[in-house]
Amino acid sequence: MSAVLKAPSTATDVDYQSLRFAYRRHADQDASLPARHPVVVVGAGPVGLSLAIDLAQQGQRVLLLDNDNTLSTGSRAICFSKRTLEIFDRLGCGERMVDKGVSWNVGKVFFKNEQVYEFNLLPEAGHARPAFINLQQYYVEGYLAERAAQLQNIDIRWNNKVAGVQQLGDHALLTIETPDGSYQLAADYVAACDGSRSSLRQLLGQEAKGRIFRDRFLIADVTMDTDLPTERKFWFDPPFHPGQSVLLHKQADGMWRVDFQLGWDADPQLERQHERIIPRVRALLASLGHPDLGFEIGWASVYTFACQRMDHFRHGRVLFAGDSAHGVSPFGARGANSGVQDADNLAWKLAAVIRSEAPAALLDTYASEREYAADENIRNSTRATDFITPKSEVSRLFRDAVLDLSKRHPFARTLVNSGRLSVPSTLGDSPLNTADVDAFAGRMVPGAPAADAPIVRADGSTGWLLRELCPTSKANAATCFIALVFGHGEAAERSREVLAKSDVPLHIVNVAGTSEGALAAQRYDAKPGTVYLLRPDQHVCARWRNPTPVDVRAARDRALAKA
């Protein structure tokens, strides 16, 4: 990696958009036989970097290839959800993301010139992270790249383009193009994180199928000095942009994201010109009471989009993640967030298979679980797009009636869809789950992502539950499953003894049965002695009131696809 990227504490003035990484010739290029690597990740965007870091923190050697030598241009993905921030915490860079980003929970919806309602995405207290931050993608990629540079078992090779792939039974053979010519690599597994125009998808003769939306949107980064509140604002048919929709978000560095719906007949080349953008922004600011506010247009683009996915995310030794596997509309912030969650799901499974702790069939569950999540995201994204961009007069009349009713009637607000924002999928039908034998209430069912809550540690210090679950010091150890033991006294002690007798390598977290642990106990419907077994990606895979050692062993085996 280029020496331009330094440790996070000294990299505060890096211009990530103009950063260039050095191409360096590697010894693999001169090897008489293709060098073999356990994992090759293709694509150094948010998904590929997240996957590489996660694997490296688990003690795995990772080769990361990118066909370019830059980070993203323009803000692109900007909304990163609480779940994604919790994953970034585990990767060692969540705090930087939150400190730099703009945190927000409140969204407001407008119809014509009236606000019809507002919503709060994090209405309850007791979470370490906000519902969302807004942060330009180049910062996210830059912080992840700096984190990757700290890990000695990640080898990043810039200007290394995958030009060919052959599947040869126990490995894949990659042909790599570089400024010095081509060479070949062998990989036990390949993770294709190379974006919506995935070269690996094309090389394997695969395609993404779905629905293409006949509409165009202008997206612009606008820098301005204003005290407008940090909220998501969405307008349907506003007077300053009649007949269309507008979205406004605040980002870091005094930059604002504006999306203007243009309609299918708009000229993309014409509409991205600054002289066309400026009047639109000026009209928007005038509607907010700032007609004379100065601003500067930065990056701008006109885009169309599709909601689609590959039929299968696993093809032999090649596994697809992020935009290479699936695509959604930008409404709801489901693209980058779902991609990072793909990486979160895949990393521990790859590590377990490489360690021979699990059969290769475990990787099939990556595909099935994330295909389910992609379908859920596509379904929500399609519904949002159909509501935002009605394609018939009848559907427009219905939408406008819903918006008008929502000013006075709460039931109508549930029908308004300006982009249902990203939430993690509950994998309730996963074959890795162990079915409940005890009665539980609440959302923490098998397959659900673990909920955060404040806790008190054994030394009396305060902290957050999710940050206690699997420390990075577990690298090189067995795949890190986590056991939560709730309460204190005889019942809790009995559960801890059961975990010890199970002879399963676990990271055990005790959740105190005092007032400080009450919120966690409430969210998990826990009583003294209750045990939750969590996968390394912090999804619940089993829970019991009174487990036995056999229960614990069987549940872990099932979660490793050994059952």
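**Figure 1. Lining of the second largest cavity in the predicted model.** R83, Q341, D344, N345, R370, P424, S425, D537 and H539 line the second largest cavity. On a 1 Å grid over the protein atoms alone, a cavity is a set of points where a 1.4 Å probe fits but cannot get out; lining residues have an atom within 4 Å of a point. The enclosed space is about 50 Å³. A volume here is the space filled by probe spheres set on the grid points, which are joined across faces, edges and corners. By class, the lining holds 1 nonpolar, 4 polar and 4 charged residues. Ala, Val, Leu, Ile, Met, Phe, Trp, Tyr, Cys and Pro count as nonpolar; Asp, Glu, Lys and Arg count as charged; the others, Gly among them, are polar. Helix α8 gives the most to this lining, with 3 residues. Helices (H or I, at least four residues) and strands (E, at least two) are DSSP runs, numbered from the N terminus. Searching the whole structure yields 4 cavities of 30 Å³ or more.

The model is predicted, so local features need pLDDT of at least 70 and side-chain atom pairs count only at pLDDT 80 or more, while totals for chains, interfaces and linings use all residues. Residues are numbered from 1 along each chain as its sequence is written, and side-chain values use heavy atoms, with hydrogens and water left out.

**Figure 2. The second largest pocket.** This pocket has a volume of about 830 Å³. A pocket is an open set of grid points with protein on both sides within 12 Å along at least five of seven lines. Its lining counts 35 residues, and K82, L121, S422, V423 and P424 lie nearest the centre. P424 also belongs to the lining of the second largest cavity. α2 (82-91) and β6 (114-120) each supply at least two residues of the pocket lining. The largest share, 3 residues, comes from α2. The lining divides into 16 nonpolar, 9 polar and 10 charged residues.

**Figure 3. The nonpolar cores.** The largest nonpolar core has 101 residues. Such a core is a set of buried Ala, Val, Leu, Ile, Met, Phe, Trp, Tyr and Cys residues joined through side-chain atoms within 4.5 Å. Buried means under 20% relative accessible area, exposed over 50%, partly exposed in between (1.4 Å probe, protein chains only). L51, F88, M97, L144 and L362 have the most contacts inside this core. Helix α8 (residues 335-354) gives the most to the core, with 10 residues. L51 touches V41, A191, C193, A343, L346 and A347, leaving out residues up to four places away in sequence. Contact means heavy atoms within 4.5 Å. A second, separate core of 31 residues includes Y117, W299, F305 and C307.

**Figure 4. R216 in strand β12.** R216 sits in β12 (residues 208-224). This arginine counts as buried because its relative accessibility is 18%. Beyond neighbours within four places in sequence, R216 contacts F260, Q261, L262, G263, W264, A266, P268, V302, Y303 and T304. R201 is 15 residues away along the chain, yet the two C-alpha atoms are separated by 26 Å.

**Figure 5. D194 and its contacts.** D194 lies in the loop between β11 (181-192) and α5 (199-203). At 19% relative accessibility, D194 is buried. Its contacts beyond four places in sequence are V42, G43, S199, L200 and S324. S324 is 130 residues from D194 along the chain, with a C-alpha separation of 5.8 Å.

**Figure 6. Positive phi at D237 and S356.** D237 is not a glycine, but its phi is positive, about 50°. The loop between β13 (232-236) and β14 (245-250) holds D237. D237 is buried, at 14% relative accessibility. S356, also a residue other than glycine, has a positive phi near 65°. S356 is in the loop between α8 and α9 (362-388). With a relative accessible area of 65%, S356 is exposed.

**Figure 7. S395 in helix α10.** Helix α10 (residues 393-406) contains S395. S395 is partly exposed, with a relative accessible area of 26%. The C-alpha atoms of S395 and N546 are 53 Å apart, with their positions 151 residues apart along the chain.

**Figure 8. Confidence along the chain.** The protein chain averages a pLDDT of 91, and 96% of the residues score at least 70. pLDDT is the predictor's confidence in each residue, from 0 to 100. Residues 1-11 have pLDDT below 50; this stretch has 25 contacts in the model beyond near neighbours in sequence. Where pLDDT is low, the predicted coordinates should not be read in detail.
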